[in-house]
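Open the model in a viewer and keep the sequence panel beside it. The stops below are given in the order in which to select them.

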Amino acid sequence: MLPAVVKLCCGISYPHLRSMAGLQRTAVAVIGQEITHLQTWRQMQHHIGMHAGIKYIEPKHEDMKPVHATEDQLFFIEQGQEAMRKAVSMLEDKEGWRVEIAESNGDVICSKLMPGARRVFRLEAVLDGSVEELYNLLFVRVEEMHMWNPSIQQIKILKQVGPGTMVTHEVSAETAGNLIGQRDFLSVRHSCKQESRVCLGGAAIQLKSFPPQSGFVRAEDGPTCIVIQALDSDRRKSRFTWLLNMDVKGWLPTSIVNQALPRAQLDFTEHLRRRLAASATLG
C-alpha cells in the first residue's frame, strides 16, 4: 500500500489549509502530517477503477513461505495475507461509496462508512511510473521513503520474512505547533508481485519485543492495500488505487480526522509524483 505507504504518513499541504482557521487548521495539519501509513499492501487480481471489479487470488501457501520458514515467519505471512483478504473484501462491496474529492488531474477519492463508525477512503489515480518503479519505491526501498515524503521521519524494517513480507516501525515527522505529538506505527507489510500488477497490503501488529514507544501515540492502520496496475495503453504508466483505513488514536474529533485523511492521500500522491518525475529527469 502504503504507499507509506505506505504509509506511510502523508502531509497536508499549505493550500489545503488556507480555507480553515484556528484550532481546526492546526489539528488537520498535524494529523495529516502524522497519520498516513500504508503503507503497505498485497495480493489481488484486477486493478480497481471506479467501476472495475476485484478478484482476490489466494496464493498457494507453499509459494509464499520462505525455505525453512519458522513458526513466527509463517505467522507474519498469514497476517499479511489476512489483511489483504479483508481489504479486498471492503473494495469488492460496491455499495455505500461516495465521492469526497475529484481533482482536475483525474485523481478521485471516495469514502465509505464501515461497521464501527470508521470511514475508509479509496484513492484512484494514474501515475507516470511503471509498476516496477512504484513497487521499488513503496516496498523494496520503503526505508528510503523519508527522503521524498517530508511527513515521514523514519521507516525501519524490523523483520524481513522472505521477499514479500516484512514488519516495519514507522515514525511520523515532528512538526511545529504539534498538538498531539508524533505518531508511530508497527505494521506487517505484504506484497504480491505479478507481471502487470503489484498488490501491497498490511495492517497493524503487536510485538511484545517492541511495545509502544515513550513520547509517541501508537496509531493503527489496516487492513489496507494498494494496487498498482499497468495501463494497457502505456506500460510506462500505472493505475494507482489505495484503500486507506486508519485509527489515528488520540483526542481529535472524527470529523476533523475524516477531513484530513483524504487530503493526506492527495498530498502523498503528489510527493510520489514528484519523486517519479525526479527519477525520470535523472534518466
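Which residue of β11 is the bridge partner of Ile226? Select Ile226 and look across to β11: the partner is Trp242. Before going further, note that this is a predicted model, in which local features need pLDDT of at least 70 and side-chain atom pairs count only at pLDDT 80 or more, while totals for chains, interfaces and linings use all residues. Residues are numbered from 1 along each chain as its sequence is written, and side-chain values use heavy atoms, with hydrogens and water left out.

**Whole chain**

Colour by secondary structure: there are 6 helices and 12 strands. These are DSSP runs numbered from the N terminus, helices being H or I of at least four residues and strands E of at least two. Of the 283 residues in the chain, 55% are buried. Buried stands for under 20% relative accessible area, exposed for over 50%, and partly exposed for what lies in between, with a 1.4 Å probe and protein chains only. The chain exposes about 12,500 Å², and 50% of that comes from carbon and sulfur atoms; the areas are from the Shrake-Rupley method with a 1.4 Å probe, and for residues only the protein chains shown count as cover.

**Strand β10 and its neighbours**

Select residues 224-230, which form β10; 7 of the 7 are buried, so the strand is largely enclosed by the rest of the structure. In a regular strand the side chains alternate between the two faces of the sheet. Show the side chains here: Thr224, Ile226, Ile228 and Ala230 point one way, and Cys225, Val227 and Gln229 the other.

Add β7 (residues 197-204), which pairs with β10 in the antiparallel sense over 6 bridges. Two strands pair if DSSP finds at least two bridges between them. In β10, Ile226 stands opposite Leu200. Then add β11 (residues 238-244), also antiparallel to β10 over 6 bridges.

Step back to the loop between β9 (220-221) and β10, where Pro223 is located. The peptide bond joining Gly222 and Pro223 is cis, with omega about 0°.

**The cores**

Next, select Leu138, Met145, Leu200, Ile228, Phe240, Phe268 and Leu272, which touch the most other members of the largest nonpolar core, a set of 37 residues. A nonpolar core is a set of buried Ala, Val, Leu, Ile, Met, Phe, Trp, Tyr and Cys residues joined through side-chain atoms within 4.5 Å. Two or more residues each come from β3 (119-127), α5 (131-140), β4 (152-161), β7, β10, β11 and α6 (254-281). A second, separate core has 15 residues, including Val88, Leu91, Val108 and Cys110.

**Aromatic rings**

There are 5 aromatic pairs. Rings of Phe, Tyr and Trp (its six-membered ring) pair if their centres lie within 6.5 Å; planes under 30 degrees apart count as stacked, over 60 as edge-to-face and the rest as tilted. Select Tyr135 and Phe139: the ring centres are 5.9 Å apart and the planes at 15°, so this pair is stacked. Both belong to helix α5, 4 residues apart, or about one helical turn. Tyr135 is buried at 10% relative accessibility, and Phe139 is buried at 2%.

Move to Phe240 and Trp242, with ring centres 6.4 Å apart and planes at 65°, so this pair is edge-to-face. The relative accessible area is 0% for Phe240 and 0% for Trp242. Add Trp148 and Phe268 to see the cluster that ring pairs form with Phe240 and Trp242.

For a charge over a ring, select Arg122 and Trp97: Arg122 lies over the ring face, 4.8 Å from the ring centre. The criterion is NZ of Lys or CZ of Arg within 6 Å of the ring centre and within 35 degrees of the ring normal.

**Last stops**

Select Lys249 in the loop between β12 (246-247) and α6. Lys249 is not a glycine, yet its phi is positive, about 60°. Its relative accessible area is 32%, so Lys249 is partly exposed.

Finish at helix α4 (residues 71-92). Its 22 residues reach 31 Å from first C-alpha to last, close to the expected 32 Å, which is 1.5 Å times one less than the number of residues. Buried residues of α4 include Phe76, Gly80, Met84 and Leu91. Phe75 also lies in α4, but is partly exposed at 38%. Measure from Phe75 to Val161, C-alpha to C-alpha: they are 86 residues apart in sequence and 10.0 Å apart in space.
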